[in-house]
Amino acid sequence: MKIRILVVGCGNMGKSHAKAYHLSEGFEIVGLVARGKSKDELNAALGASYPTFDDYATALAETVPDAVCIATYPDTHEAYAVAAFDKGAHVFIEKPLADSIAGAERVVEAAKRAGKKLVVGYILRYHPSWMKFIDIGRELGTPLVFRMNLNQQSHGYMWDVHRNLMKSLSPIVDCGVHYIDVMCQMTPAKPILVSAIGARLSNDIPPDNYNYGQLQIRFDDGSVGWYEAGWGPMISQTAFFVKDVIGPHGSVSIVASTAGGEGKSDAVESHTKTESLRVHHAAIDDANEFIMQDEWINLQDEPDHQELCNREQAYFLRAIREDLDLSKPIQDAVNSLRIAFACDESVRTGKVVEL
């Protein structure tokens, strides 16, 4: 039996997920939901004629889906997910899980109450190179230093996307949950406090939000990490793509010379690329010279953005069919979001926030 799925939101991620369902033998799309013309453009791109809806509640009632894919702006995530669970549907939801911790917890509770699956779109968890990056990081000793950023010199369509996102969340919350999740996968240590700074560099965004932010996290084993995110036409493309982990035994870095190149900072396709990993070994001899040369790892399996979405949805299908226990990844999603919101609080209050 195919899983009958309703796709809500037909923008960047919605398009990719819809294509994954369209190509999958395990899913059947029963409707596309969006307020504008993106749903019709998506149908044309897929060469399909799936039913289209302007209103989510109407679509949910008329299609009675087995599952719902929510790829809308974050301020709708909670209400849409809870409505789906109340109708007895499984939910795949793009990160972040909700636009508040209380909202995220209500979504999790609704999933438990309905006895349905909840998968959150942490796309890096499906990328072999990122998995390897995390595995190597775990071998570097304790404490660890995490250095990460993804600044985006957004313009044209992407500046529209980012401005809409900032009606709900800041960049360090919306994007930061990915990289906070990576940090938390590399160390079992407990995050204990955060601090963050932010700046509003455009009058095009809400007065209570900011389009540049940098967060810092301290863990109880002495590990520390920072993440930086900026959106907008004014953002610098110098060193915008840093993915680096340092420990007593050395370091591991993602070196994406193409994805990290000129004009690629706001390209969604580039954000998950690794291209190669550089592993540095800290061991030295009696003359303080390195014993081993740096190791370059070029993994053969380098899925593009669409293939990663395909893998996410294959996992969602498996979770439903095999009744997988999703309690740990759900807990991780809530935890990374809790840390991100604490960082947001630090920006707004100017104070260090204890977790």
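Asparagine 288 is exposed in this predicted model, with a relative accessible area of 56%. Because the cut-off for exposed is over 50%, asparagine 288 falls on that side of it. This asparagine is placed in the loop between S13 and S14. Its phi is near 65°, a positive value in a residue other than glycine. Alanine 239 can be described in similar terms: phi is near 55°, again positive in a residue other than glycine, and the relative accessible area of 51% makes alanine 239 exposed. The loop that holds alanine 239 runs between strand S10 (224–230) and S11.

Most residues other than glycine have a negative phi, and most peptide bonds are trans. Departures from the second tendency occur at two prolines. The peptide bond from lysine 95 to proline 96 is cis, with omega near -5°, and proline 96 belongs to the loop between strand S5 (90–94) and H5. Threonine 142 and proline 143 are likewise joined by a cis peptide bond, here with omega about 0°. Proline 143 is in the loop between H6 and S7.

Several of these loops lead into or out of strands of an open sheet. Nine strands form this sheet, with mixed pairing, in the order S14-S13-S12-S11-S7-S10-S9-S8-S15. Strand S14 (295–297) and strand S15 (353–354) each have a single partner strand, so each stands at an edge with one side left without a neighbour in the sheet. At the S15 edge, two bridges join S15 to strand S8 (residues 191–199), and the two strands run antiparallel. Within this pairing, leucine 193 stands opposite glutamate 354 in S15. Helix H6 (residues 128–138) packs on the sheet and touches strand S7 (145–150), strand S11 (241–247), strand S12 (250–254), strand S13 (277–281) and S14. The direction of H6 makes about 170° with that of S12.

Strand S12 also contains serine 253. Where does the relative accessibility of serine 253 place this residue, buried or exposed? Serine 253 counts as buried, because its value of 16% is under the 20% cut-off. Its side chain is joined to that of aspartate 244 by a polar contact of 2.4 Å. Leaving out residues up to four places away in sequence, serine 253 touches Phe133, Lys243, Asp244, Ser276, Leu277 and Arg278. One of these residues, lysine 243, has its charged end over the ring of phenylalanine 241, 3.9 Å from the ring centre.

Another lysine is found in the loop between helix H5 (101–114) and strand S6 (118–121), namely lysine 117. Lysine 117 is buried, with a relative accessible area of 13%. What does the side chain of lysine 117 make a polar contact with? The partner is the side chain of aspartate 323, at 2.6 Å. In addition, a polar atom of the lysine 117 side chain lies 2.7 Å from the backbone oxygen of leucine 324. Apart from neighbours within four places in sequence, the contacts of lysine 117 are Phe85, His90, Val91, Ala319, Ile320, Asp323, Leu324 and Leu326.

Aromatic residues complete the description. The structure holds ten aromatic pairs. Ring pairs link Tyr21, Phe27, Phe92 and Phe316 into a cluster.

Notes. Residues numbered from 1 in each chain as written. Predicted model: local features only at pLDDT ≥ 70, side-chain atom pairs only at ≥ 80, totals over all residues. Heavy atoms only, no water. Helix = DSSP H or I, 4+ residues; strand = E, 2+ residues; numbered from the N terminus. Buried < 20%, exposed > 50% of the residue type's maximum accessible area, 1.4 Å probe, protein only. Polar contact = N/O pair within 3.5 Å; in protein donor to acceptor, adjacent residues only side chain to side chain. Contact = heavy atoms within 4.5 Å. Pairing = 2+ DSSP bridges. Axes fitted to C-alpha atoms, helices over the stretch in contact; angles between N-to-C directions. Phe/Tyr/Trp six-rings, centres within 6.5 Å; stacked < 30°, edge-to-face > 60°. Lys NZ or Arg CZ within 6 Å of the ring centre and 35° of its normal.
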